[in-house]
Amino acid sequence: MKCIVGLGNPGKKYEKTRHNIGFMAIDALLDHYQLTLDKHKFNGDYTFHMINGEKVFFLKPQTFMNVSGESIRPLMDYYQIDIEDLVVIYDDLDLPVGKIRLRETGGHGGHNGIRSTIDHLGTKQFKRIRLGIDRPKPPLTVVNYVLGDFTRKQQPAVEESIEQARDACIAWLDKPFVDVMTAFNTKA
């Protein structure tokens, strides 16, 4: 079994914000496989589908970003999903818009959704796909920036990074993550 989680905030108000690019990547995967999130449990919206003979879960925590781990951990425990079979997709202020980076482990880098995930899983050893959203220009605060929408000028790069994240996840369902990292980190 594998589990792909996109981080974001629930509700229409946050739908197109920078902080929700992880949700956008899950939406791209759902579109690719012609799926919908038809289950509502574990403080999240999720579904699963058999891909390459393996059950794959797609999850959008509905807990709000800062407590994302409260949704991820219960789902993983209930379905007995191993930590090495988890990928978390989220926004990253330290990457330019349009860039993606795949990692097998790491700290939270100040990202509260990842901090919560680490706290609830009790480990930093899980795969990540970071999608660049760039840093705000003063006087804009980080909070206002991440909860703001992408600009029209940023949109093509945002869409490209979401497609790359989708394609990286699809590749991971067929290949070792280290091979996917090599392929996609050189593209970015």
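## Loops, a buried helix and a pocket

Asparagine 9 lies in the loop between strand 1 and helix 1. The structure is a predicted model, and this loop residue is a useful place to begin reading it. With a relative accessible area of 6%, asparagine 9 is buried, because anything under 20% counts as buried. Its side chain reaches the backbone nitrogen of methionine 65 at 2.7 Å. When neighbours within four places in sequence are left aside, asparagine 9 is in contact with Tyr14, His19, Asn20, Phe23, Phe64, Met65 and Leu147.

One of these partners, phenylalanine 64, has its place in the loop between strand 4 and helix 2, which runs over residues 69-79. At 41% relative accessibility, phenylalanine 64 counts as partly exposed. Not counting residues up to four places away in sequence, phenylalanine 64 touches Gly8, Asn9, Pro10 and Tyr14. Phenylalanine 64 and asparagine 43 are 21 residues apart in sequence, and from C-alpha to C-alpha they are 9.7 Å apart in space.

### Helix 1 and the cores

Helix 1 has 13 residues and reaches 19 Å from its first C-alpha to its last, which is close to the 18 Å expected at 1.5 Å a residue. Is this helix enclosed or open, and how many of its residues are buried? Of the 13 residues of helix 1, 10 are buried, so the helix is largely enclosed by the rest of the structure. The buried residues are Ile21, Gly22, Phe23, Met24, Ala25, Ile26, Ala28, Leu29, Leu30 and Tyr33. What covers them includes strand 1 (2-6), strand 3 (44-51), strand 4, strand 5, strand 7 and helix 5. Just after helix 1, glutamine 34 takes a positive phi of about 55°.

In soluble globular proteins, nonpolar side chains tend to be buried together. In this model the largest nonpolar core has 38 residues, and those with the most contacts inside it are Ile4, Ile21, Phe58, Ile89, Leu102, Ile129 and Leu131. At least two residues of this core come from each of helix 1 (21-33), strand 4 (54-61), strand 5 (86-92), strand 6 (100-103), strand 7 (127-132), helix 4 (142-146), helix 5 (155-172) and helix 6 (177-187). The largest share, eight residues, is supplied by helix 1. Apart from this core lies another one, of 20 residues, among them Leu7, Leu59, Leu75 and Val88.

Isoleucine 21 gives a closer view of the surroundings of helix 1. Leaving aside its neighbours within four places in sequence, isoleucine 21 is in contact with Tyr90, Asp91, Leu131, Ile133, Phe150, Val158, Ser161 and Ile162.

### Three loop residues

The table places three residues in their loops and gives the relative accessibility of each.

| Residue | Loop | Relative accessibility |
|---|---|---|
| Threonine 36 | between helix 1 and strand 2 | 56%, exposed |
| Phenylalanine 42 | between strand 2 (39-41) and strand 3 | 14%, buried |
| Asparagine 52 | between strand 3 and strand 4 | 55%, exposed |

Phenylalanine 42 has a phi near 60°, a positive value in a residue other than glycine, and asparagine 52, also a residue other than glycine, has a positive phi near 55°. For threonine 36 a distance can be added: threonine 36 and leucine 121 are 85 residues apart in sequence and 26 Å apart in space, C-alpha to C-alpha.

A further loop, between strand 7 and helix 4, holds proline 139. The peptide bond that leads from proline 138 to proline 139 is cis, with omega near 10°.

### The largest pocket

Rolling a probe the size of a water molecule over the atoms shows where empty space is left. How much space lies in the largest pocket of this model? The largest pocket holds about 450 Å³ of space. It is lined by 25 residues, of which His19, Leu93, Gly110, His111 and Asn112 lie nearest its centre. The elements that give two or more residues to this lining are strand 5, helix 3 (112-121), strand 7 and helix 4. His19 was met earlier in the text, as one of the residues in contact with asparagine 9.

Key: Residues numbered from 1 in each chain as written. Predicted model: local features only at pLDDT ≥ 70, side-chain atom pairs only at ≥ 80, totals over all residues. Heavy atoms only, no water. Core = buried A, V, L, I, M, F, W, Y, C linked by side-chain atoms within 4.5 Å. Buried < 20%, exposed > 50% of the residue type's maximum accessible area, 1.4 Å probe, protein only. Helix = DSSP H or I, 4+ residues; strand = E, 2+ residues; numbered from the N terminus. Contact = heavy atoms within 4.5 Å. Expected span 1.5 Å × (residues − 1). Polar contact = N/O pair within 3.5 Å; in protein donor to acceptor, adjacent residues only side chain to side chain. 1 Å grid on protein atoms, 1.4 Å probe; cavity = no way out; pocket = protein on both sides within 12 Å on 5 of 7 lines; lining within 4 Å. Points joined across faces, edges and corners; volume = space filled by probe spheres on them.
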